[in-house]
Amino acid sequence: MSATFNPGLAGDEAYLNRPLRRDIREIPGDSGLPFLGHLPQVIKDVHGFQKRHIARYGQLARINLGLFPGVLVTHPDHLRQVFTDPGENFSSAMGYDGNVSAIYGGSIITQDFGHHKASRRVFQTAFKRSALEGYVDIMNPTIKENIADWARQRDFRYTVASRKILIDVGARVFFGAESAGEEIRRIAHLFHEMNHVGLMALVHWNIPGSKYWRGQRAKARMERLILDYIRARRAAPGKDLTSILAAERDENGELWPEELLLPHLNLLLFAAHDTTAGATSHLMMYLSQPENQHLQEKLRQQAFDLGIDNPSLADLDAYTDMENAVLEATRLHPAVATIMRRTTRDVRLGERDIPADTMLMNMSHWAHRSPEFWTDPETFDPDRFSEERREHKGHSFQFLPFGGGAHKCIGMHVALMNAKLILHHTLRKYRFELQPGYDCRCDVLPLPFPSKNLPLKVTAL
Ligand code: HEM
């Protein structure tokens, strides 16, 4: 396959035109409640639900997440088979068919196999170390500006604050947007309309005022904005991701057409924002608990010991305890609740025959908390990722907050450096405690976040 970005369909791709297989009664399991399926149980307690369902029906059982039936995939052996997928049996394009593709169709996350590989090769240039060094220079001042007034805020909610930082960071790092002001407020608004309204649409009726219509309208506006960014960055490049990608050339030495870059650039905020905000929010929930104040203090001390106000990428490499703390938060609370795939043909997965066009709901919660792979799995214990213990290395697919295989998160290092920079700046400025009476419960759907946006007591040092 030639290295074209977003090529048209080619080859034997009949699976792209077939409907979802809804009748999979031959697979053990049940359909849950009428209309809602197992959604209420998943929302109430995703870990408990998976344990009960597996105890009752075994691995690879049938489930129903409201709009569509599918198979629950949780065992690392099965996750490995789905994500490594040498036989091209598991499609992301059809896994994300529906709401995600209505907004992010044509982007790397919804492409399959050869098409995906070609896009990924081009996209990769924006995630090289030299590019990340430039992003750190943008992140440092953005984070510092955002956290300046935290101790003065009444009713401080960490999740709200971290989402604000991450929109700001995303707008500047991905597009080179101007700091603060109208430009970023507009991006934040369009992001909300696309992801928190459009993506939640139950039906695709393009009726003015409906969720679907609002999502589509915001998508069109965001795309116009991104086209303007591509043109502006080609004229005057900066250190941002659009500048890097917009300067890339195809095999004939031509700049990539802007409409081919567009869907990939549009995906970035969706992929980066709520995921990183969720990871840092869960982490801060643990670090703020009375029993983990010593861990907070240890990380703070390391941040002071570094003795640098604005760390570089190389400085961040040394923050291994911080990185382990972020990883531990994503183990306990994976930011992507379900990674979707659809079978392209009849396949044998583990010990089960799965028919073509069946949806697979790949969920990491069970593996992330299975005593088979982790000691004391319910406990927040970042040191389990240390060089001495390396608990996450038992099975190559026991820990997959960033997915695995060809579609493994391309922004993983951006997410980790962003999280470490947020820790660096906030811990040097503030002490964090839970608000009295706060019950550390976490939501999974619609998005994984601590409940009530994590109210924290913030004390200036
Ligand atoms: C804690 C933060 C993050 C988590 C937990 C996370 C998780 C994931 C997961 C699980 C996937 C795989 C999806 C699949 O296989 O269908 C993924 C893909 C992706 N992520 Fe992330 N992500 C995070 C941050 C980021 C950031 C910061 C960026 C961009 C800078 C990013 C960009 C992407 C992209 C573009 C893909 C699609 C890759 C492909 O299809 O080849 N992510 N992410």
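This passage walks through a predicted model, from the surroundings of its ligand to its helix packing, its sheet and two unusual spots in the backbone.

A good place to begin is the ligand. The shell around the ligand holds 24 residues, and those that come nearest are Ala272, Thr275, Gly403, Cys409 and Gly411. Two elements give two or more residues to this shell, namely helix H12, which spans 258-287, and helix H17, which spans 412-427. The largest share belongs to H12, with seven residues. Sorted by class, the shell around the ligand contains 16 nonpolar residues, seven polar ones and one charged one.

Helix H17 also takes part in helix packing, which leads to the next topic. Two packed helices are described by the angle between their axes and the distance between the axes. For helix H7 (residues 129-147) and H17, the angle is about 35° and the axes are 10 Å apart. The crossing of H7 and H17 is right-handed. On the H7 side, the contact is made by Leu132, Tyr135, Val136, Met139, Asn140, Ile143, Lys144 and Ile147, which meet His413, Val414, Met417, Asn418, Leu421, Ile422, His425 and Thr426 in H17. This contact of H7 with H17 comprises 10 nonpolar, five polar and one charged residues.

Helix H9 can be followed through two further packings. Its partner in one of them is helix H8 (residues 158-175); H8 and H9 pack at about 110°, and their axes lie 10 Å apart. The two helices, H8 and H9, are therefore roughly perpendicular to each other. From H8, the residues Ile167, Asp168 and Ala171 meet Ile184, Ile187, Ala188 and Phe191 of H9. In the contact of H8 with H9, six residues are nonpolar, none is polar and one is charged.

The other partner is helix H10. The axes of H9 (residues 181-197) and H10 (residues 211-235) come within 8 Å of each other and cross at roughly 140°. An angle of this kind makes H9 oblique to H10. The crossing of H9 and H10 is left-handed. Here Leu190, Glu193, Met194 and Val197 from H9 meet a set of H10 residues, namely Lys211, Arg214, Gly215, Ala218, Lys219, Arg221 and Met222. By class, the contact of H9 with H10 has five nonpolar residues, one polar residue and five charged residues.

Attention now turns to strands. Strands of a sheet pair through backbone hydrogen bonds, either parallel or antiparallel. The model contains an open sheet of five strands in the order E1-E2-E7-E4-E3, and its pairing is mixed. At the edges are strand E1 (62-64) and strand E3 (90-91), each of which pairs on one side only. E1 pairs with strand E2 (residues 69-73) in the antiparallel sense, over three bridges. Within this pair, Arg62 stands opposite Val71 of E2.

Finally, two details of the backbone deserve a look. Most residues other than glycine have a negative phi, and most peptide bonds are trans. Phe113 has a positive phi of about 50°, although Phe113 is not a glycine. This residue, Phe113, belongs to helix H6 (residues 113-123). The other detail is the peptide bond from Leu445 to Pro446, which is cis, with omega near 0°. Pro446 is found in the loop between strand E9 (442-443) and strand E10 (449-450).

Technical notes. Residues are numbered from 1 along each chain as its sequence is written. This is a predicted model: local features need pLDDT of at least 70, side-chain atom pairs count only at pLDDT 80 or more; totals for chains, interfaces and linings use all residues. A residue is near a molecule or strand if its C-beta atom, placed from the backbone, lies within 6 Å of it. Helices (H or I, at least four residues) and strands (E, at least two) are DSSP runs, numbered from the N terminus. Ala, Val, Leu, Ile, Met, Phe, Trp, Tyr, Cys and Pro count as nonpolar, Asp, Glu, Lys and Arg as charged, and the others, Gly among them, as polar. Axes are lines fitted to C-alpha atoms, for helices over the stretch in contact, and angles run from 0 to 180 degrees between N-to-C directions. Angles under 35 degrees count as roughly parallel, over 145 as roughly antiparallel, 65 to 115 as roughly perpendicular and the rest as oblique. A crossing is left-handed if the near helix is turned anticlockwise from the far one by less than a right angle, and right-handed if clockwise. Two residues are in contact if their C-beta atoms, placed from the backbone, lie within 7 Å. Two strands pair if DSSP finds at least two bridges between them.
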